[in-house]
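Me: I would like to go through this structure feature by feature. Where should we start?

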Amino acid sequence: MDRAFEELSDPGYAGWERAESDIRRAWSRSGSAAMDLLLKRGEDAMDAGDVAAAIEHLTALTDHAPDFAEGWNARATAYFMAGLYGPSIADIAQVLRLEPRHWGALSGLGMIYADMGDTQRALKAFRASFALNPHQQDVKDAIARLEKELAGVSL
């Protein structure tokens with residue numbers, strides 16, 4: 001994984017999409033078919049708009065596989081979708097404890113802080129995410145928007 005992260009973090013590396021895909025694939029595997037199924041059920045429930053069911057599936061996943069970072073990340077997303085920022089931030093902290101290079105969790109943290117009006121923390125989280133994966137246009141745009149906001153320039 002270290003090599004894939006190195007490749008991904010290089011803005012000029014032509015194979016970054018493969019590196020990103022390899023990392024995402026590795027993150028999505030818990031090592032247990034049952035836990036992978038709980039992750040899929042939680043993601044499917046989120047896709048269907050059933051956030052409560054997603055949280056139930058993903059809570060079962062984090063209970064049974066507490067060292068599986070992607071379970072925490074998925075539940076953080078479900079909590080965010082439910083407007084539950086505190087629990088989402090707590091789950092992101094778990095993700096980052098288990099996988100400090102999780103650019104998606106950092107981006108999610110930036111979104112939460114931006115929604116809360118904490119521009120400084122949002123910018124810090126987005127910059128950390130972008131440093132790990134500089135191929136995220138949405139994160140790049142968020143950084144630019146927040147930097148203008150901090151500089152007092154309206155969009």
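Reply: With a definition for sorting residues: Ala, Val, Leu, Ile, Met, Phe, Trp, Tyr, Cys and Pro count as nonpolar, Asp, Glu, Lys and Arg as charged, and the others, Gly among them, as polar. Keep in mind that this is a predicted model. By these classes, nine nonpolar, six polar and two charged residues make up the lining of the largest pocket.

Me: What is the volume of the largest pocket, and which residues are closest to its centre?

Reply: The volume is about 320 Å³. The lining counts 17 residues, and N73, A76, T77, G104 and G108 are the closest to the centre. Two or more lining residues come from each of α3 (33-47), α5 (69-81), α6 (85-98) and α7 (103-115).

Me: Which element gives the most to that lining?

Reply: Helix α5, with seven residues.

Me: R75 lies in α5 as well. Is R75 buried or exposed?

Reply: The cut-off for buried is under 20% relative accessible area. R75 has 9%, so R75 is buried. Its side chain makes a polar contact of 3.4 Å with the side chain of T62. Beyond its neighbours within four places in sequence, R75 is in contact with I55, L58, T59, T62 and D91.

Me: How do I read the buried side of a helix such as α7?

Reply: Start from the general rule. An α-helix has 3.6 residues a turn, so residues three or four places apart point the same way. In α7, the buried residues are W103, A105, L106, S107, G108, L109, G110, I112 and Y113. They pack against α1 (2-9), α2 (16-27), α5, α6, α8 and α9.

Me: What span does α7 reach from its first C-alpha to its last?

Reply: Helix α7 has 13 residues and reaches 18 Å, close to the 18 Å expected at 1.5 Å a residue. Just after α7, G117 takes a positive phi of about 85°.

Me: Where does Q136 lie, and is Q136 buried or exposed?

Reply: Q136 is in the loop between α8 (119-132) and α9 (137-151). Its relative accessibility is 10%, so Q136 counts as buried.

Me: What does the side chain of Q136 reach, and with which residues is Q136 in contact?

Reply: The side chain of Q136 reaches the backbone oxygen of N133 at 2.9 Å. With neighbours within four places in sequence left aside, Q136 is in contact with W103, S107, S129 and F130. Of these, W103 and S107 are among the buried residues of α7.

Key:
Residues are numbered from 1 along each chain as its sequence is written. This is a predicted model: local features need pLDDT of at least 70, side-chain atom pairs count only at pLDDT 80 or more; totals for chains, interfaces and linings use all residues. Side-chain values use heavy atoms; hydrogens and water are left out. Helices (H or I, at least four residues) and strands (E, at least two) are DSSP runs, numbered from the N terminus. Buried means under 20% relative accessible area, exposed over 50%, partly exposed in between (1.4 Å probe, protein chains only). A polar contact is a pair of N or O atoms within 3.5 Å; within protein, one must be able to donate a hydrogen and the other to accept it, and residues adjacent in sequence count only if both atoms are side-chain atoms. Contact means heavy atoms within 4.5 Å. On a 1 Å grid over the protein atoms alone, a cavity is a set of points where a 1.4 Å probe fits but cannot get out, and a pocket is an open set with protein on both sides within 12 Å along at least five of seven lines; lining residues have an atom within 4 Å of a point. Grid points are joined across faces, edges and corners, and a volume is the space filled by probe spheres set on the points. The expected span of a helix is 1.5 Å times one less than its number of residues.
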